[in-house]
Amino acid sequence: FSQVEAQAQLASLFTSMTQQPREPEQSAAAAAATAATAATAATAMVALEEVQDRARLLPSGQHTVVTLPAFNDQDVNHAYVLYFQTDERSPRNSALMLLVRRLWAEPAFNQLRTQQQLGYIVSFGTEGFGRGRYGVRGFEVRVLSKRFDPSEIEHAVEGFVQRQVASLHSDGGTVLDTDVVAIAKSIITTLRDPPTSYAEEANEFWSSITSEFPFDWQDRVIA
């Protein structure tokens with residue numbers, strides 16, 4: 001099923017089910033037909049949910065720009081989001097995203113917000129789309145500014161990313177192996193922190209269920 005096909009089939013099934021007159025007593029054949037219709041509707045519903053929960057992994061090196069007008073013509077602010085898609089969700093990719101976030105979040109705020117005053121909201125973080133085996137991971141930079149337009153913001157953010165990538169290179173990079181090891185140990189310590197209440201523990205289990213993660217996902221990320 002595609003999303004359009006699933007939606008069309010659901011609409012058709014529900015319309016036929018609601019428009020059919022109900023008889024006081026159904027024959028065996030009518031009951032079987034109703035059960036078959038309900039089963040088909042359930043199958044279409046599951047297919048629709050799977051389509052909506054999937055995220056597409058874009059080809060490497062692809063650059064897509066989406067611009068949207070402001071809802072309020074009098075609004076002088078510019079909102080900018082730069083998203084770098086990395087790879088499909090896996091324990092290794094999740095561990096790398098945690099490491100990148102720990103390495104770049106503070107420099108992003110210091111350089112883009114404090115020093116360059118790019119906007120009054122500047123944030124760096126990781127983001128995932130899709131659920132379970134259909135999920136992908138990446139990191140994003142968000143900026144809200146009334147001083148600079150999106151093209152100027154993009155130029156500043158791309159410059160920041162290039163400097164951060166250069167800092168990771170072994171030949172002349174400013175980030176040392178010892179720094180990475182220390183940050184990795186700090187992340188592992190945080191992941192191993194036990195829940196402080198039954199409610200927190202229940203939320204962790206429920207998040208695994210709704211996100212279709214295995215319950216030992218954190219252990220896999222640590223490993």
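The second largest pocket of this predicted model holds about 720 Å³ of space, where a pocket is an open set of points on a 1 Å grid over the protein atoms alone at which a 1.4 Å probe fits, with protein on both sides within 12 Å along at least five of seven lines. Grid points are joined across faces, edges and corners, and the volume is the space filled by probe spheres set on the points. Lining residues, which have an atom within 4 Å of a point, number 27 here, and Leu191, Glu204, Ser208, Trp217 and Gln218 lie nearest the centre. Two or more of them come from each of helix 3 (91-115), helix 5 (177-192), helix 6 (198-211) and helix 7 (217-222), with helix 6 giving the most, six residues. Helices (H or I, at least four residues) and strands (E, at least two) are DSSP runs, numbered from the N terminus.

The largest pocket encloses about 1200 Å³, and among its 36 lining residues Thr64, Val66, Val81, Leu82 and Tyr83 lie nearest its centre. Strand 1 (78-88), strand 3 (136-145) and helix 4 (150-167) each supply at least two lining residues, and strand 1 gives the most, with 10.

The table divides both linings by class, counting Ala, Val, Leu, Ile, Met, Phe, Trp, Tyr, Cys and Pro as nonpolar, Asp, Glu, Lys and Arg as charged, and the others, Gly among them, as polar.

| Pocket lining | Nonpolar | Polar | Charged |
|---|---|---|---|
| Largest pocket | 18 residues | 12 residues | six residues |
| Second largest pocket | 11 residues | six residues | 10 residues |

Residues are numbered from 1 along each chain as its sequence is written, and side-chain values use heavy atoms, leaving out hydrogens and water. Local features need pLDDT of at least 70 and side-chain atom pairs count only at pLDDT 80 or more, whereas totals for chains, interfaces and linings use all residues.
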